[in-house]
2 protein chains.
Amino acid sequence: MAGEQGGYPQLPIESPIYPPTLTPEQQEHLISTLTDYALAHGLIVRPTSSLVEHNPNNALATVAPVTLWPSTFPREPFLEALAIQQTCNELYARIAADELFLESLMLELSKVDQFMKRLWDIHLYVKAKGYKQNMSLGLFRSDYMINQPEGKIPKIQQVEFNTISSSFGALSTRVAEMHRFLWKIEAYPDTPVLDRASLPPNNAIDELATGLASAHKAYSAQGTHPDADDLAVLFVVQEGERNVFDQRWLEYSLIEHHDIRTYRLTLSEIPAAITIKEDGTLFCRPAHLPEDTLIEISTIYYRAGYGPDDYTNEEHWNTRANLEASRAIKCPTVLTQLAGAKKVQQVLANPTYLSKFLPDKKAHERIFNTFTSIFPLDTSPEGLKARSLALEHPEKYVLKPQREGGGNNIYRYKIPGFLKSLPESNWSKYILMEIIEPPSIENTVVRNGELIRGPVVGELGVYGTILWEKRDDGDVAIRENKQAGWLLRTKGTESEEGGVAAGFGCVDSVVLVD
Amino acid sequence: MAGEQGGYPQLPIESPIYPPTLTPEQQEHLISTLTDYALAHGLIVRPTSSLVEHNPNNALATVAPVTLWPSTFPREPFLEALAIQQTCNELYARIAADELFLESLMLELSKVDQFMKRLWDIHLYVKAKGYKQNMSLGLFRSDYMINQPEGKIPKIQQVEFNTISSSFGALSTRVAEMHRFLWKIEAYPDTPVLDRASLPPNNAIDELATGLASAHKAYSAQGTHPDADDLAVLFVVQEGERNVFDQRWLEYSLIEHHDIRTYRLTLSEIPAAITIKEDGTLFCRPAHLPEDTLIEISTIYYRAGYGPDDYTNEEHWNTRANLEASRAIKCPTVLTQLAGAKKVQQVLANPTYLSKFLPDKKAHERIFNTFTSIFPLDTSPEGLKARSLALEHPEKYVLKPQREGGGNNIYRYKIPGFLKSLPESNWSKYILMEIIEPPSIENTVVRNGELIRGPVVGELGVYGTILWEKRDDGDVAIRENKQAGWLLRTKGTESEEGGVAAGFGCVDSVVLVD
């Protein structure tokens, strides 16, 4: 149709080249501006021993692994992921409250996964003693990738749903602010891709802190001990956490905006620091406070305990059980943690189950649209069929352990060899998931001061906070339910793992494209 | 009089022990809380090579040297120092505007101080060409110590007045916030010394940035080039500055609160980046921007060029002269820099001179009250008398170079030996100053993750911003004049030097005591 409009040939619409190529001067300016901004604004982690051998009293910090540019992300799927987060929150709250449903899954899971079994045992122990708290808090994160097989419309596909220790909320707020700052001061060369409307805000820090505050206030409204010196939130943390600043920002937001104190203790430190009263009230006396101090704990926020590596002795399991039995509101309860099992995700991929928790047809449809095919690898007819797929067409699948926490995923052609290396009785510890085909885009990763440019893929996480009450009739009363910001984790396409904490990938933000 | 009140003996009033002694658990909690807060909030510096040998792209930062506690400081003298800052600002603006006065001092000074002479020569060069800008900006800092000889009432005594590169404004804001935070979350054990009213706020970051913004806006109101792409502030900085974050916070405040861009260039980088038009308009094209970019510079803010070490070749002097000749508002002009010479401070100690600049009797009295005895070491009758004092009673004096920038002070019994090592013709490069006797207090310094407890002394700095116009009739019209926050620099009493940048001392905040 060339020449139709007044004789001028119509040029094909070209997508702008993004990110633009940098001159050496532009790159030098950009990296120094980015680095100072990140260091000044707490977009940091503790350095690895590859960077410094000696770090007295942890006095050194380094820029968290970040991307030089925000990564392009299609606008509609991004908005859809944010829009359905409250429905996702409610779905998982209802699952966590459904003991019978979880029990049915645990019958099989507990045979093959010792970690799951021990969590379930804690539930049974507390149930036998009598639960002292009917409120639960969830700080969730639903992770998606863009699935866009050639020529298709991009679509979000859920990768996993995290119900415990959903991390990187604070760093993701800071990285979005940093990318916006770099754009605002023109540290980026001019490109039509970046403008104010294409860089969405991300207030995950304050939203997540507000979630914790809502539990704290709900607990307080239940009536506290008159002899307590203070009411506070307990952060259960890992020893030597490198990603500590991601947690600290939540603490700073809690004290600044809600006047709520926090205390940080590891599973090893807790026994000496806590006392649980007959009625389940949990008191804490961190070692730096006077001996007769009684801090009442309103809310227990787990940034540890999500995987078996955090429980290195029986005392750690006892500690988890004692905390679970207390009257403090847990974020999450063991049942909520179990609701995040891959097995649950796999079962929900069956529309019948999903309808049970999401009777609303429209909500059901939107959530179901984000699901990818997931199969069990057990001895059910469906599982046996999936075993053949895994061995004969591994190129379309990823093998994932049932439990949460990332890591240890087996991709494509590595699946048959891996499965054969295990006794068949252990196969049902895994689920088989169709691989998502994300568009590969360009970006530069900045890690330990080094720049690596190349093709990358991003994984979008959407945070949600939900506070609910399990009524005596078994129903769920939702007290607060919010979408709470987002995260883009980006990794090189050569690596097939995604956890930033594990040392792969980095924190990114989105630039929305149509 | 014991026993008068109902038979109970009256106990003597004891001053509370401050800072309180810490248990090992308290100290461990305090140092880890302080460290993470400082790192997260940009209370940082680039690490020294003693901490890390390799720092690729400056990706590492460490906590700035700080005190564990805010240091006690008497309330009345603190408030007095803040209250007189606007008068100090005005005093130094009037001195900087008084060419005849400065010329009379330079006649002698330029004979003995090559650095001063070269600055004065720049003034003469620009004067001959014709000054293109009649506005000047001062970001000043007046430094005081408490003088409290045994049994006397504490009193502030001015140590020096900084008219160029007054640093640590940003870090002092952050350290005051940090000490307040540590108090608020009870990381400090209970002590009656600390309460909300005893920890004054300190908004030096935003006040100093607002000072820069006032010059920028005044320049803009003078009318800018229609062909400029942008109007911005130029920071003249040192290569490899470790205290860079102290400067970055001013840049972040300028862009966030005033939407004003900043560019950082060293004296070496400037020639290739700037163009000065016939009318004196200064344009800048930093290397990361496209070649045809025209950024018009409204304000030049010097964080370099304050001492001779910054001018390592003739090109640096040419650059300073070219910038001075431009139409941009300088912070400071060479005349303002010269007004900060110790020689000026010494001459002002003569009430006749002070009256010339401060005719108001009350203002005169308050300022004069802060002066300590200062003598020239030249061949005037007063100078000759001071030479005898220096050689015969050195224990009461400190010997200081005329020029600004700290360092190289000679204390007490080291004075005679030092003077004798110099040709007498060089003695007039120095002034002799009565030593101030500050109260020694206890504190703990945190440096590179190590804690050092011991007796310390503090030096209070009060920031001021002033924008003035030199009228054709020689008078000064003051456009803005503000007190702009404060700094407490603390050093161990064993060291007799005070500059934090030089590696001695650290950033502190005050806890006011009555």
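**A walk through the two-chain model, starting inside chain B**

In strand β12 of chain B, Lys330(B) is the residue that faces Ile300(B) across the pairing between strands. Before following that pairing further, the reader should bear in mind that the structure is a predicted model. The strand that carries the opposite partner is β11(B), and β11(B) pairs with β12(B), which spans residues 329–331, in the parallel sense over 3 bridges.

Strand β11(B) has further partners. With strand β7 of chain B, residues 230–237, β11(B) runs parallel and is joined by 7 bridges, and within this pairing Ala232(B) is set opposite Ile297(B). With strand β10 of chain B, residues 282–284, the sense is antiparallel and 2 bridges are found; here Phe283(B) has Glu296(B) of β11(B) opposite. Both senses are possible in principle, because strands of a sheet pair through backbone hydrogen bonds, either parallel or antiparallel. How many of the residues of strand β11(B) are buried? The strand covers residues 295–302 and 8 of its 8 residues are buried, so β11(B) is largely enclosed by the rest of the structure.

Tyr302(B), in contact with Ser165(B), leads to a loop of the same chain. Ser165(B) lies between β6 (155–162) and α6 of chain B, and a polar atom of the side chain of Ser165(B) is 2.9 Å from the backbone oxygen of Tyr302(B). Apart from neighbours within four places in sequence, Ser165(B) also touches Arg303(B), Ala304(B) and Tyr306(B). With a relative accessible area of 12%, Ser165(B) falls under the 20% limit and is therefore buried.

Another part of chain B holds an open sheet of 4 strands, arranged in the order β13-β16-β14-β15 with antiparallel pairing. The edges of this sheet are β13 (374–376) and β15 (410–411), and each has a single partner strand, so one side of each is left without a neighbour in the sheet. The link between β14(B), residues 397–401, and β15(B) consists of 2 bridges, and in it Leu399(B) is positioned opposite Ile410(B).

A further sheet brings the two chains together. This open sheet also has 4 strands, in the order β1(A)-β2(A)-β2(B)-β1(B), and its pairing is antiparallel. The edge strands are β1 (44–45) of chain A and β1 (44–45) of chain B, each of which pairs on one side only. On the chain A side, β1(A) is joined to β2(A) by 2 antiparallel bridges, with Val45(A) opposite Thr62(A). Between the chains, β2(A), residues 60–63, and β2(B) pair over 3 bridges in the antiparallel sense, and Ala61(A) has Ala61(B) as its bridge partner.

The contact between the chains as a whole draws on 46 residues from chain A and 45 residues from chain B. About 3,900 Å² is buried between the chains, with carbon and sulfur atoms giving 58% of that area. Which three residues supply more than any other three of the area that chain B buries against chain A? They are Asp36(B), Tyr252(B) and His288(B), which together supply 16%. Asp36(B) also takes part in a salt bridge with Arg46(A), where the closest N and O atoms are 3.2 Å apart. The count of salt bridges between the two chains is 8, and 23 residue pairs are in polar contact, both residues being at pLDDT 80 or more. Several elements of chain B give two or more residues to the side that touches chain A, namely α1 (24–40), β2 (60–63), α6 (169–184), α8 (244–258) and β18 (450–470). Of these, α1(B) gives the most, with 11 residues. By residue type, this side of chain B divides into 23 nonpolar, 13 polar and 9 charged residues.

Two residues in helices of chain A complete the tour. Asn89(A), in helix α3 (residues 85–97), has 0% relative accessibility and so counts as buried. Beyond its neighbours within four places in sequence, Asn89(A) is in contact with Phe140(A), Gly464(A), Thr465(A), Ile466(A), Asn481(A) and Lys482(A). Glu365(A), in helix α14 (residues 361–368), is partly exposed, with a relative accessible area of 43%. From Glu365(A) to Tyr353(A) the C-alpha distance is 13 Å, while the two are 12 residues apart in sequence.

Definitions and conventions:
Residues numbered from 1 in each chain as written. Chains lettered and ligands numbered in written order. Predicted model: local features only at pLDDT ≥ 70, side-chain atom pairs only at ≥ 80, totals over all residues. Heavy atoms only, no water. Buried < 20%, exposed > 50% of the residue type's maximum accessible area, 1.4 Å probe, protein only. Contact = heavy atoms within 4.5 Å. Buried area = accessible area lost by both parts, 1.4 Å probe. Salt bridge = Lys/Arg side-chain N within 4 Å of Asp/Glu carboxyl O. Polar contact = N/O pair within 3.5 Å; in protein donor to acceptor, adjacent residues only side chain to side chain. Nonpolar A, V, L, I, M, F, W, Y, C, P; charged D, E, K, R; others polar. Pairing = 2+ DSSP bridges.
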